[in-house]
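Work through the exercises below with the structure open. Try each task before you read its solution.

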Amino acid sequence: MAEIKIAVACHKPSELPDNPMYCPVQVGAALVKTRMPSMAHDDEGENISAKNGSYCELTAQYWAWKNLDADYLGLCHYRRFLTFPEGDFKLDSRKQIQAGILDAYNMDRFGLLDERLMHQVIEDNDCVVGELEDITGLYTPRGKQKTVYQHWAAHDRDLINRHDLDKLIELVDEFYPQYANDMHEYLAGKQFLGYNCFVMRHELFDQLCSFEFDVLEKLEDRTELTNYNQMRTRIYGFMAEILYSVYVYHLEKTGHKVKHVPLVYFNETDPVVSLSPAPIEGAIPVVINAVDDLLDQSILDVTLRSFIETCNTNSSYDVIIVQNGMSAYLKDKLIAQGKEAGNVSVRFIDAAKINVGLYDRVGYAETKRRGISLVRTIDIEALLPWVLHKYSRVISVEWHALFLRAIDELWQTRVGDDAVLIASRSLIDLARLNEALDGLYLHARRDMHMEDPYRFFDSSVMLLELDRMRVDSDKEKIVALAKESHYLMGANELMNSIYEGRVSYCGFDWSYPTLSEKWRKNLAPAAPLSVYRDYQSVSEPAVAQYDRGMLASPLSDEYSSLFWRLARGGAFYEQILFTCASDKYQPIKNKKSGVMKAIGTLFPAGSDKRRVSADIAGSVLSVMYPEGTKRREKIEKTWTSDRLKSRLLKHMK
């Protein structure tokens with residue numbers, strides 16, 4: 001069996017395949033103070049590590065050329081790999097597979113762990129490279145071009161300088177006549193090969209490197225980089241991409257066996273441990289969901305302070321904050337709060353990174369046996385069983401919580417045998433069900449497929465039995481939900497749609513709505529009388545859920561007073577004060593437009609007039625945008641984020 005070594009160019013910590021064929025190499029190691037462990041470094045042995053800023057991944061290729069010895073040698077990048085299994089993979093316009101998280105599941109899916117298959121494919125060929133792309137369909141700053149040369153030239157003063165490309169051609173003509181005709185033919189054609197990802201026989205790899213690095217060294221002597229910006233300084237990496245493409249073109253013309261396979265591009269490559277933390281032994285795990293487009297995340301300073309004030313000093317807590325784009329400064333301050341308390345560990349999960357690729361696991365790995373595929377972004381609460389796949393159970397809390405009592409009592413509560421979670425009833429949703437013109441009842445029956453909408457629970461505070469949720473989800477409801485591709489559900493609706501009837505209800509003391517917004521306060525009495533009386537009977541809540549009304553117009557009550565007392569004690573008081581005074585939390589400035597008011601008056605939600613008019617509008621749209629056309633696909637993609645338009649799509653034929 002041949003020995004195969006593929007250098008993986010890495011410039012930051014990354015999840016990497018556990019496969020001895022791959023040799024991770026830290027690039028630019030000579031230019032940085034931090035050395036990444038468990039990998040080679042491109043400043044060891046004979047190297048050009050100091051040139052990484054302009055040579056990019058080529059410093060790893062040079063290191064492999066001078067320091068590795070194997071029958072086959074190659075190069076790939078920490079987020080871009082050659083695939084080896086045959087499969088019906090969807091390719092983008094660049095003939096690549098866009099994948100999500102670089103994790104064990106996806107590594108297996110794309111053959112990165114299959115040593116037997118890799119040996120079979122590689123040893124059966126002289127060279128394995130990516131797919132060819134038709135250049136005429138690719139974007140440039142100057143529009144689509146007809147040839148490879150024109151494509152590169154159209155990036156003049158963007159990625160490269162055109163005169164550097166012309167110099168490269170002159171050098172090959174002058175010093176490498178055996179490749180000159182191939183270069184001119186390749187650049188005059190429309191089939192493009194890029195990305196410097198390949199595996200080839202040792203003697204061919206040696207020829208490639210001798211050709212590439214000699215030409216690049218000569219180009220360096222003729223190029224002055226003083227006024228180049230950060231992108232154009234990477235000139236030699238771009239020029240090497242052309243030289244590599246010409247060399248592969250030459251191999252094919254001279255009868256070598258070259259196999260083209262898709263490249264897979266991973267959007268998220270951070271170590272999986274940072275995306276899905278392991279449980280802290282003996283600690284009560286509490287997940288705080290802070291993914292909200294309107295949220296000023298500095299408010300989490302208040303949330304965490306209230307949690308720490310009420311903690312049981314004899315317990316330890318594993319607080320995981322699910323956020324999106326939180327500043328490093330705020331993270332450091334929140335972590336410091338937990339350390340000061342002594343028994344609270346604060347960690348973070350980036351929801352954006354999870355959404356990039358978790359569906360590869362949820363949609364394919366976990367639900368494949370159920371015959372369904374979740375392909376749309378959905379709220380984090382529904383994904384927690386898979387995000388926190390090493391946890392058996394957790395407490396989930398929305399960001400707008402004020403903790404008034406230790407969470408331990410809820411943690412120790414037993415979930416019923418037929419249930420997968422504990423939550424309180426949803427006071428406001430139950431009140432909406434009793435409002436004839438609200439439309440929630442019809443929505444719950446028709447769109448959410450609830451058998452009994454009066455089972456509505458509040459997902460703001462939940463104790464989740466993750467093990468049960470992973471294996472005991474209702475197949476029919478999830479299938480129906482996955483098919484509802486045009487309807488955008490909020491977190492509370494989503495959880496109720498999936499887990500109706502599998503809830504152990506707790507009292508309102510664990511999720512007590514403060515009713516700061518006037519419309520909520522006026523609406524609450526419409527809830528079923530027994531539910532409303534249960535709510536009124538709560539005198540000492542454990543967790544109070546405030547709404548934006550409290551932030552916009554603070555009331556003289558204990559919850560508002562507590563919030564601002566905690567805010568004043570933190571480092572973000574001025575920021576929170578400014579945010580609450582801004583338009584973001586001022587409901588009065590978020591009134592419906594005159595058109596929407598008129599629609600609501602003339603066609604009340606839930607009425608036959610509303611339904612018939614929507615059916616007529618849907619019929620008209622169906623003629624304008626027939627099913628199966630690109631126009632229809634476009635509006636289906638762009639309208640799903642608009643609540644009104646997404647409902648209208650449901651009426652199209």
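**Exercise 1.** Find which residues F307 touches, leaving out those up to four places away in sequence.

*Solution.* Start at F307 in this predicted model. Its contacts are V286, Y317, V319, V344, F403 and I407. Next, place F307 in its wider setting: F307, I321, I407 and F563 have the most contacts inside the largest nonpolar core, which has 71 residues. Helix α24 gives the most to this core, with six residues. A second, separate core has 63 residues, among them Y176 and F238. As background, nonpolar side chains tend to be buried together in soluble globular proteins.

**Exercise 2.** Give the strand order of the open sheet of three strands, and say which strands stand at its edges.

*Solution.* The order is β17-β22-β21, and the pairing is mixed. β17 (401-403) and β21 (512-513) each have a single partner strand, so one side of each is left without a neighbour in the sheet. Now take one pair: β21 and β22 (residues 543-545) run parallel and are joined over two bridges. In that pair, P513 has Q545 of β22 as its bridge partner. Last, α24 (residues 558-568) lies across β17, β21 and β22, at about 85 degrees to β17.

**Exercise 3.** Decide whether N125 is buried or exposed, and describe its surroundings.

*Solution.* First locate N125, in the loop between α4 (115-123) and β7 (127-129). Its relative accessible area is 7%. Buried means under 20%, so N125 is buried. The N125 side chain reaches the backbone oxygen of V121 at 2.7 Å. Residues up to four places away in sequence aside, N125 touches Y72, R201, K257, V258 and K259.

Definitions and conventions:
Residues numbered from 1 in each chain as written. Predicted model: local features only at pLDDT ≥ 70, side-chain atom pairs only at ≥ 80, totals over all residues. Heavy atoms only, no water. Helix = DSSP H or I, 4+ residues; strand = E, 2+ residues; numbered from the N terminus. Buried < 20%, exposed > 50% of the residue type's maximum accessible area, 1.4 Å probe, protein only. Polar contact = N/O pair within 3.5 Å; in protein donor to acceptor, adjacent residues only side chain to side chain. Contact = heavy atoms within 4.5 Å. Pairing = 2+ DSSP bridges. Axes fitted to C-alpha atoms, helices over the stretch in contact; angles between N-to-C directions. Core = buried A, V, L, I, M, F, W, Y, C linked by side-chain atoms within 4.5 Å.
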